[in-house]
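Let's take a walk through a protein model together. Keep the picture open while you read, and turn it around whenever a new part comes up.

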Amino acid sequence: MEEYGVIIIGAGPAGLSAAAKLAERKINALVLDRKQEIGCPKRCAEGLGLGWFRRLGLKPSKEWAVMPIYGAALYSPLGKSVVLKAKKVAGYVLERKMFEKALAIDAVKKGAKIRLKSNVKSARRENGNVVIDVNELGEIKQYSAPLIIACDGIDSRIARMLGLDTTNKLPDVDSGFQYELTGIDGYDEKLLHLYFGNEISPRGYCWIFPKRRGTANVGIGIAGYAEKTAKYYLDKFIASHPNLSKGSIIEVNSGGIPVGGFLEKMHSDNLLIAGDAAHQVDPIHGGGIGISMEAGALAAEVASEAVAKNDFSEKFLGKYTQKWYALRGNQLKKRLKGRHLLEKLSDADFEYLADSITADDVLKIASGDLDKKAKFILFAKKLVKRPGLVKIMMKYL
Amino acid sequence: MGVKVNREKCCYCGACVAVCPKNCIGLDEVRIEIDNSKCIDCLACIRMCPVGALGKIEKK
Ligand SMILES: Cc1cc2nc3c(=O)[nH]c(=O)nc-3n(C[C@H](O)[C@H](O)[C@H](O)COP(=O)(O)OP(=O)(O)OC[C@H]3O[C@@H](n4cnc5c(N)ncnc54)[C@H](O)[C@@H]3O)c2cc1C
Ligand code: SF4
Ligand code: SF4
């Protein structure tokens, strides 16, 4: 049995970020992933806002920050648009395969170890440690560590093996599907394009995230409980856009997105949970790359304190959950309501909003700086003819 | 009863794993395994699947 200071399960953004931080603190860290290639297959539209580059200390590299983005265009069901465009770069679309490999190389340079094709089949507590059984390229191996950081993505089975119920409830997950299309055109490649409407995408949106000239991630996220599949809606959307349907598919991506809120408890004895596994995703747009990296780093920080104190108790590790809510969770919780707004709006509401709300208004609302009264004044002024809609907006935004 | 997977359709994304309240489904990198002995026929996984790869096993 091999022993480590900390074992991280999952070599996604959360796990790799935790590994780098642990290695920086000279902790003997091992990352295990069942995949045979880091970053592949992607389950992601690969958008990352500039704020995250700043917060995470990332410098955009040509290798993986492949498309600078200047804003977004939001479309109503009938195709009216509200365009939010800045003069400066607002974010990038990544090549996640390359991005995650760069993260892995960085973590290993700092001293972490990574093993792929290593599927963790079971985990149990034994004499103050966690022992895991791993199928590594067909061979069953055992590893042990006093602390596991579960970064195993939406499956989140590792925490469940260790007694914490991390199951997502159906209304709390979005069902996502995407094609990377090439040979397409007819959209501004400096913008992300988001298409709303109940017929187009129930409770969610369709997107075009430009990746290279003529190539983009074209995808959809819909409520997990929707009767028809995400693929059905996406195929319909593409078929109705000749500029997209003429393209060819160079990747098929599928995935669930835990948009319904966060685990109350992201720790227990010998265990921390970070990233999608802890449902740490923005409830409105479903972005999780930045959030999971930040959480992975925070988990590593608490883990290294636990190693220094040799205390892996639930009580001590509770610090992580607490710190995460203070740093990010409480702020994200407020955005949960915004997701429900999409459930309440009819297609006629979307049209009316596209007619009356300007890009400036959207930015003001999204900034979170408006208090209740200021919001009411804005909505009441803009949505004069639809007092019912003002009520809905006030309740959910 | 329980559920079955169409392996040609499945994109092995793990979304079904995430919503199964009985932990019946596991993803082995490119293949899901279903333990129907624990299945309670809640159909959450079928609804969730982005591509419609899962279906009910009908009673014979
Ligand atoms: C369709 C779609 C579009 C998205 N678009 C965006 C976007 O544009 N921008 C954005 O920021 N976010 C987006 N997201 C969300 C983002 O992809 C996730 O939030 C992010 O990948 C979470 O990172 P993670 O490290 O927590 O998990 P993951 O990246 O899922 O990594 C988990 C890893 O754990 C491994 N693993 C799981 N179980 C085991 C086991 N038992 N043994 C060994 N290894 C295991 C897996 O193989 C995997 O590599 C999107 C998601 C979807 C589904
Ligand atoms: S949700 Fe569907 S596509 Fe994804 S792993 Fe399960 S059966 Fe396969
Ligand atoms: S029907 Fe329910 S219990 Fe059965 S496998 Fe699907 S999610 Fe699990």
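We'll start with chain A as a whole, stop at two of its residues, and then move on to chain B.

Before anything else, keep in mind that what you're looking at is a predicted model. Chain A has 397 residues, and 57% of them count as buried. A handy way to get your bearings is to split the chain into its assigned domains. Domain 1 is pieced together from three stretches, 2-67, 95-168 and 262-335. Domain 2 covers 170-258, and domain 3 covers 337-396. If you mark the centre of domain 1 of chain A and the centre of domain 3 of chain A, using C-alpha atoms, you'll find 37 Å between them.

Now look at the secondary structure. Chain A contains 12 helices and 20 strands. Its radius of gyration is 22 Å, and the globule rule gives 21 Å for 397 residues; those values are close, so chain A is as compact as a globular protein of that length. As for its outline, the C-alpha trace spans about 65 × 45 × 40 Å along the principal axes.

What holds hands with what inside this chain? Take the contacts in chain A with a separation of 6 or more: 70% of them join residues 24 or more positions apart. On the outside, chain A exposes about 17100 Å², with carbon and sulfur atoms supplying 54% of that. Charges are part of the picture too, with 61 positive and 45 negative side chains in chain A. The centres of those two sets lie 5 Å apart.

Time to zoom in. Find A:Gly256, which sits in strand β18, residues 248-257 of chain A. Is A:Gly256 buried or exposed? Its relative accessibility is 12%, and buried means under 20%, so A:Gly256 counts as buried. Along the chain, A:Ser175 is 81 residues away from A:Gly256, yet their C-alpha atoms are separated by 4.8 Å. Which residues does A:Gly256 touch, once you set aside neighbours within four places in sequence? In chain A, the contacts are A:Ile154, A:Val173 and A:Asp174. The list also reaches over to the other chain, with B:Ala15 and B:Met48 in contact with A:Gly256.

Next, hop over to A:Met161, in helix α4, which runs over residues 157-161 of chain A. Here the relative accessibility is 26%, so A:Met161 counts as partly exposed. Leave out the neighbours within four places in sequence, and A:Met161 is in contact with A:Val120, A:Lys121, A:Ser122 and A:Ala123. You can also check A:Arg124: it is 37 residues from A:Met161 along the chain, and the two C-alpha atoms are separated by 7.2 Å.

Finally, chain B. You can trace its pattern from start to end as β-α-β-β-α-β. Its radius of gyration is 10 Å, close to the 10 Å that the globule rule gives for 60 residues, so chain B is as compact as a globular protein of that length. Along the principal axes, its C-alpha atoms fill a box of roughly 30 × 20 × 15 Å. Buried residues make up 45% of chain B, and its accessible surface is about 3100 Å², 49% of it belonging to carbon and sulfur atoms. Chain B also carries 10 positive and 7 negative charges, and the mean positions of the two groups are 8 Å apart.

Note on methods. Residues are numbered from 1 along each chain as its sequence is written. Chains are lettered from A and ligands numbered from 1 in the order in which they are written. This is a predicted model: local features need pLDDT of at least 70, side-chain atom pairs count only at pLDDT 80 or more; totals for chains, interfaces and linings use all residues. Side-chain values use heavy atoms; hydrogens and water are left out. Domain bounds come from an automatic or database domain assignment. Helices (H or I, at least four residues) and strands (E, at least two) are DSSP runs, numbered from the N terminus. The radius of gyration is taken over C-alpha atoms; the globule rule is 2.2 Å times the number of residues to the power 0.38. Buried means under 20% relative accessible area, exposed over 50%, partly exposed in between (1.4 Å probe, protein chains only). Contact means heavy atoms within 4.5 Å. Accessible areas come from the Shrake-Rupley method with a 1.4 Å probe; for residues, only the protein chains shown count as cover. Lys and Arg count as positive and Asp and Glu as negative; His and the chain ends are not counted. The place of a charge is taken as NZ of Lys, CZ of Arg, CG of Asp or CD of Glu.
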